[in-house]
Amino acid sequence: MKPIYLDYAATTPVDKSALSAARPYMNSVFFNPSSMHSLGRKAYAAVEKARQKVARAINAAPENIIFTSCGTEAIQQAMLCFPYGEKKKVIVSAIEHDSVTSCANAIIKRGMTVEKVMPTPGGIITAEALKRVIDQNTALVCVMTVNNQTGAVQPIKELAEISHSYGAAFFTDAVQAVCTQNLDVTQTNVDMLAASAHKFYSLKGCGFLYRKNAVKLDPLMLGGRQEYGLRAGTENVPSIVAMGEAIERAVQFRREYIEHVSAVEKAFFGALTVGEKVFVENGTDGISSVVFDGVNGGRLAIALSMSGVCCSVGSACSSGSATPPPTLVAMGVKSPECAVRFSFGKSTTTDEAVRAAHIVNLTVDKLKKNG
């Protein structure tokens, strides 16, 4: 029987329309967009059209969109190329993805101070928590939009306002947010925002960084003058075109997407009789962690895979780690090492969700009986 895929937070299948949009730029319109001849101009026009689509999706200006190879690169561009000046402090939430925490560690090696802001037991970074750690020496505040482990949605607009009141810039990792959240940057007033195409039904190997005009970043990659001189290297035209198509569809069908994953998640938890879902104060449907007390999460994920259910213990980027998910530890979740993440998408059916829940029930019982 075909495996049931419940790991959409790790990656998504490519939407047919995105794949169709990309195909011509793999062979017939294969030209380098930096070439000055007429054929190169065709590729350049496709890149700029995609830039307009991405910008429109978050209500930004096209010139504020920088194309990258992935979300991780966009995050590195934002955090490692930021003009810190005389300010020596960066604030990072304790529920960030490894790509952000790794950048924070690199910033510490530069002689700067990184301070963590802790979440509530419900997984939210509150204004009060940020105010306790921010000061006039803070250059940058980093808080993700939607948590990749729990689906907790953060109060980005409020946190950005507080950051600006102290003269700090605000950056958000929105990698998990495109399909379910309105990312209007004029409303939230974020200074930078990162996203990754393969999280919203497009090709891997592509992402983008939004940055305000006032944020004068240093180049991440040196060489050519691509991406306004901030990212040298020939653009990945097929993936950029696909991303433009995919993000346009994500915005257009956001309501239908949310309704679908909500129904699927409800069906899954309606049939699940074991474990305890990690509570979040303000969550988005589609991403949930469940603690199965007495059963190691990694062991359970492997057993479920062998039984036909594909899920994870956390971020795919940190798979293989023996440590429990840092987000759950920061939230004070009991037995975080016993947690498994289930994430749903537009291809998941309610029948699959119910069948997966039954498999989880049986597998957990079996593991507990066998010790």
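Hi everyone. Let me start with a definition: a residue is called buried when its relative accessible area is under 20%. Please keep that in mind, and keep in mind too that what we have here is a predicted model.

So, is arginine 231 buried or exposed? Its relative accessibility is 14%, and because buried means under 20%, arginine 231 counts as buried. Where does arginine 231 sit along the chain? You will find arginine 231 in the loop that runs between strand E8 (207–211) and helix H8 (237–252). And which side chain does its side chain touch? There is a polar contact, at 2.3 Å, between the side chains of arginine 231 and glutamate 73.

Let's move on to a pair of strands. E3 covers residues 89–93 and E4 covers residues 113–117, and the two pair in the parallel sense, over five bridges. If you want a spot to look at, find isoleucine 91, which stands opposite glutamate 115 in E4. Helix H4, residues 98–109, joins the picture here: together with E3 and E4, H4 makes a right-handed β-α-β unit.

Last, the empty space inside. Rolling a probe the size of a water molecule over the atoms shows where such space is left. How many cavities of 30 Å³ or more does the structure hold? Just one, and its volume is about 170 Å³. It is lined by 19 residues, and those closest to its centre are Gln176, Cys179, Tyr257, Ile287 and Phe344. Sorted by class, the lining has 11 nonpolar residues, six polar ones and two charged ones.

That's my tour. Thanks for listening!

Technical notes
Residues are numbered from 1 along each chain as its sequence is written. This is a predicted model: local features need pLDDT of at least 70, side-chain atom pairs count only at pLDDT 80 or more; totals for chains, interfaces and linings use all residues. Side-chain values use heavy atoms; hydrogens and water are left out. On a 1 Å grid over the protein atoms alone, a cavity is a set of points where a 1.4 Å probe fits but cannot get out, and a pocket is an open set with protein on both sides within 12 Å along at least five of seven lines; lining residues have an atom within 4 Å of a point. Grid points are joined across faces, edges and corners, and a volume is the space filled by probe spheres set on the points. Ala, Val, Leu, Ile, Met, Phe, Trp, Tyr, Cys and Pro count as nonpolar, Asp, Glu, Lys and Arg as charged, and the others, Gly among them, as polar. Two strands pair if DSSP finds at least two bridges between them. Helices (H or I, at least four residues) and strands (E, at least two) are DSSP runs, numbered from the N terminus. A crossover is right-handed if, with the strands pointing away from the viewer, the path from the first strand over the helix to the second runs clockwise. Buried means under 20% relative accessible area, exposed over 50%, partly exposed in between (1.4 Å probe, protein chains only). A polar contact is a pair of N or O atoms within 3.5 Å; within protein, one must be able to donate a hydrogen and the other to accept it, and residues adjacent in sequence count only if both atoms are side-chain atoms.
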